[in-house]
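User: I'd like a close look at one part of this model: a single helix and how it packs against its surroundings. Could you walk me through it?

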Amino acid sequence: MERANGQHQLRLTIFLLVLAVSAACIIAGAQAPDPCDSQFLSWVIGNSCPGDLDHPTEMCCQAVVAAVGIRFGDTVEVPCLCRVAKERFLGLVGFDIHDILRVYPTCDGVRPVGPQTAEACQGRV
């Protein structure tokens, strides 16, 4: 329960930060930055997730939930998960999209993921 409250607060903080940056960019006339930093997320996942997938670290969960959630189900933009899964670093550490999706529910992810989620990335990126 404590972990869920902490994650909720962290997600709210991140959301508000992204919202503030987006608003500042709009006011300044600039385009909002891409919320999916696939290189950074793959680095965090690759360094904090491999090992015991049934008991992932907090850092692992934060990166996995972000990777899956950003642009989830988007039919125009490439979902962040697809971009993260294609990063070379994940392959080097022996982690792939199926591992990310396996950890996601353990990290209290709420999106409806399954085999179709990985299949949706085929040919995208």
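What follows takes one helix, its packing partner and the core around them, then a few positions further out.

Analyst: Happy to. Keep in mind that this is a predicted model. I'll go with α2, but a bit of context helps.

The protein is helical throughout its assigned elements, with seven helices and zero strands, so to speak a run of α-α-α-α-α-α-α along the sequence. Of its 125 residues, 33% count as buried. Among contacts with a separation of 6 or more, 67% link residues 24 or more positions apart.

Now to α2 itself, which covers residues 38–48. Its buried residues are S38, L41, S42, V44, I45, G46 and S48. What sits over them? The cover includes α3, α4, α5 and α6, with α5 spanning 88–92.

N47 also belongs to α2, but this residue is partly exposed, with a relative accessible area of 47%. That value falls short of the 50% an exposed residue has to pass, and above the 20% limit for a buried one, which is why N47 gets the label in between. Along the chain, N47 and F89 are 42 residues apart, and their C-alpha atoms are separated by 9.6 Å.

The partner to look at is α3, residues 58–69. Two packed helices are described by the angle between their axes and the distance between the axes. Here the axes of α2 and α3 come within 9 Å and cross at roughly 140°. The two are therefore oblique to each other, since only angles over 145 degrees would count as roughly antiparallel. As for handedness, α2 passes α3 in a left-handed crossing.

Which residues make that contact? On the α2 side they are L41, V44, I45 and S48, and α3 brings M59, C60, A63, V64, A66 and A67. By type, the contact has nine nonpolar residues, one polar and no charged. Each of the four from α2 is also in the buried set of that helix.

In soluble globular proteins, nonpolar side chains tend to be buried together. In this model, the largest nonpolar core has 28 residues. I45 and V64 are among those with the most contacts inside it, along with V68, V84, F95, I100 and V103. At least two residues come from each of α2, α3, α4 (80–86) and α6 (97–103). The biggest share is from α3, with seven residues.

V64 is a good place to see the pieces come together. Leaving out residues up to four places away in sequence, V64 touches I45, C49, I100, V103 and Y104. So which helices does the core draw on around there? Both α2 and α6 are among its suppliers.

Staying with α6, have a look at R102, which is found in that helix. R102 is partly exposed, at a relative accessible area of 45%. Its contacts, neighbours within four places in sequence aside, are L53 and D54. R102 and L53 are 49 residues apart in sequence, while their C-alpha atoms are 7.6 Å apart.

One last stop is D108, in the loop between α6 and α7 (115–119). D108 has a positive phi of about 65° although it is not a glycine. Its relative accessible area is 37%, which makes D108 partly exposed.

To pull α2 back into focus: it has a buried set that includes L41, V44 and I45, an oblique relation to α3, and a contact with that helix that holds no charged residues.

Conventions: Residues are numbered from 1 along each chain as its sequence is written. This is a predicted model: local features need pLDDT of at least 70, side-chain atom pairs count only at pLDDT 80 or more; totals for chains, interfaces and linings use all residues. Side-chain values use heavy atoms; hydrogens and water are left out. Axes are lines fitted to C-alpha atoms, for helices over the stretch in contact, and angles run from 0 to 180 degrees between N-to-C directions. Angles under 35 degrees count as roughly parallel, over 145 as roughly antiparallel, 65 to 115 as roughly perpendicular and the rest as oblique. A crossing is left-handed if the near helix is turned anticlockwise from the far one by less than a right angle, and right-handed if clockwise. Contact means heavy atoms within 4.5 Å. Ala, Val, Leu, Ile, Met, Phe, Trp, Tyr, Cys and Pro count as nonpolar, Asp, Glu, Lys and Arg as charged, and the others, Gly among them, as polar. A nonpolar core is a set of buried Ala, Val, Leu, Ile, Met, Phe, Trp, Tyr and Cys residues joined through side-chain atoms within 4.5 Å. Buried means under 20% relative accessible area, exposed over 50%, partly exposed in between (1.4 Å probe, protein chains only).
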